[in-house]
Amino acid sequence: MANLTIRKLDDALKAELRQRAAGNGRSMEDEVRVILRDAVHQRHGFAPSLPQDQGASPKAGPDAASHGHHEAFPSPQARITLIVGGGIAAYKAMDLIRRLKERSAEVRVVLTKAAQQFVTPLTASALSHQRCYTDLFDPQSEFDAGHIRLARDCDLIVVAPATADLMAKIAGGHADDLATAILLATNRPILLAPAMNPLMWKNPATRRNVDQLRRDGVTMVGPNAGEMAERGEAGTGRMAEPIEIAAAAQALLAPPPPRPLRGKRVLITAGPTHEPIDPVRYIANRSSGKQGYAIAAAAVQAGAEVVLISGPVDLRAPAGVTLTRVESARDMLAAVQAALPADIAIFAAAVADWRVASEGGQKIKKGAGGPPPLQLTENPDILATIARLADGRPPLVIGFAAETENLLDNARAKLARKGCDWIVANDVSPATGVMGGDRNTVHLLMKSADAIAVESWPVMTKDEVASALVARIAQATELHES
Ligand code: C5P
């Protein structure tokens, strides 16, 4: 390579090379290197390097580390710049080089000045089979503007160990050595593996830096809890194990999950309703809201805009969901109407069928007259109301049928009675443990112009039911639009 002079190439070739290099975000020298490497690899039957924008699209499944074998990174030549900070865990970073290379990554190592107190450039270059970089102003650097190239000619930057000091510098945008200059100049994803004394990790200054770095889009793996190198010290601060860091790197290089519901607005009801008897008492049911919340999370993951209208439950709103909390069926109906229009409406709430006709303004007292009579009146049927809207009916309306007997017959009848398109029917008889539990056995009834298709799913967790339902919805939406 040292003898190849780009200046001496003819102008047309140079222009083409310049264009190709710019398109891939590489220097011309690096582009030549990639071309040569691909030529060699093709002769040996390896897959070629992908252009920059495809370089991060994997063929490997997630979490390969947790299985005994190591799948390769997405592109056989995922390029990782590994910055080693100055901490006792630096020795583990040498094992990390091996773990990354096992997954076919090309690893370029940068050692900070402090890191060189723990490991030598010679060790790093022997393990990475590359020269190791240490200085911002390196006359030997084969690159033009070396830190810029190290910052950009890669698919991912891993910092391990990320010391408290290094993290403070990154959070503050410092660039006074090679490592920090690379981190400031990069437009690639950054993965930090923090490692420090537990008190340093807990220190408010570090907490602020961690928050800032997360806001800046930096990903972190660890630190783990355990014993520290210092005698008698334990707590959170140990660097994640190399295998965990390699798995996190692999996950970061994985392709974004498919988002089949992007651009769709999904409205979901969940949980029970509370129907007041007086200011302190109410009628309720045992719904936990878990299934509805799981569907909301799965829909967000599929890229939908999700509005979740929830009765009183003990669950946190899944990230990315717009949550409206309500108490009674009437409040829930009002919230649903206010949230329309929607492309898909899923009614998973266990709405009370009845409410007390005249809610007492004061707490009902025990009296000589015996128990008070509770006159009940019917609640609005939210699902039926929305499914029968002449104007603004969501194109796909899905209801739930929780039954304790004659499951499918009752679900079929409900499909007709409520006017919805699909019914998710489940057996909630006490023996199943579905109410409040984590598992569910469902049958999906889907009405088409001339028939009702029934799919019976095996026992699944509520999360799995949610993902399967969202996948079915995505399929139906796609069919409808094609
Ligand atoms: O009639 P049943 O309560 O069995 O119907 C269940 C389905 O109807 C569920 O999808 C539930 O969310 C919905 N529903 C409703 N409003 C009601 C009663 C039920 O939306 N008042």
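In this predicted model, the ligand is surrounded by 15 residues, of which F347, V351, I382, L383 and G399 are the closest. Two elements, helix α14 (382–387) and strand β16 (396–403), are those that give two or more residues to this shell, and the largest share, three residues, comes from β16. By class, the shell around the ligand divides into nine nonpolar, three polar and three charged residues.

Strand β16 also belongs to an open sheet of eight strands, arranged in the order β12-β11-β8-β13-β16-β17-β19-β20, in which the pairing is mixed. The edges of this sheet are formed by β12 (321–325) and β20 (452–456), each of which pairs on one side only, and the twist from one strand to the next averages 15 degrees. Within the sheet, strand β8 (residues 265–270) pairs with strand β11 (residues 305–310) in the parallel sense, over six bridges, and T269 is found opposite I309 in β11. Two helices are associated with this part of the sheet. Helix α12 (residues 290–301) lies across β8, β11, β12 and β13 (344–347), and its direction runs at about 165 degrees to β8. Helix α13 (residues 329–339) packs on the sheet as well, where it touches β8, β11 and β12, and its direction makes about 165 degrees with that of β11.

A further open sheet consists of five strands in the order β2-β1-β3-β4-β5, with parallel pairing. Its edges are occupied by β2 (106–111) and β5 (219–220), each of which has a single partner strand, so that one side of each is left without a neighbour in the sheet. Strand β1 (residues 79–84) is joined to β2 by six bridges, the two strands running parallel, and I80 has V107 as its bridge partner in β2. Helix α11 (residues 242–253) lies across β1, β3 (156–162), β4 (190–194) and β5, with a direction at about 155 degrees to β3.

Helix α11 is also packed against another helix, α4 (residues 90–102): the axes of α4 and α11 come within 9 Å and cross at roughly 45 degrees. Because this angle falls in neither the parallel, the antiparallel nor the perpendicular range, α4 is classed as oblique to α11. The crossing of α4 and α11 is right-handed. The contact is made by K92, D95, L96, R99 and L100 on the side of α4, and by P242, I243, I245, A246 and A249 on the side of α11. Sorted by class, the contact of α4 with α11 comprises seven nonpolar and three charged residues, with no polar ones.

A second helix pair is formed by α7 (residues 164–172) and α10 (residues 204–215), whose axes come within 9 Å and cross at roughly 50 degrees. That angle makes α7 oblique to α10, and the crossing of these two helices is left-handed. Helix α7 contributes A164, M167, A168, I170 and A171 to the contact, while α10 contributes A205, T206, N209, Q212 and L213. The contact of α7 with α10 contains seven nonpolar and three polar residues, and no charged residue takes part. The two helix pairs thus have crossings of opposite hand, left-handed for α7 with α10 and right-handed for α4 with α11.

Note on methods
Residues numbered from 1 in each chain as written. Predicted model: local features only at pLDDT ≥ 70, side-chain atom pairs only at ≥ 80, totals over all residues. Pairing = 2+ DSSP bridges. Helix = DSSP H or I, 4+ residues; strand = E, 2+ residues; numbered from the N terminus. Contact = placed C-beta atoms within 7 Å. Axes fitted to C-alpha atoms, helices over the stretch in contact; angles between N-to-C directions. Near = placed C-beta within 6 Å. Nonpolar A, V, L, I, M, F, W, Y, C, P; charged D, E, K, R; others polar. Parallel < 35°, antiparallel > 145°, perpendicular 65-115°, else oblique. Left-handed = near helix turned anticlockwise from the far one by under 90°.
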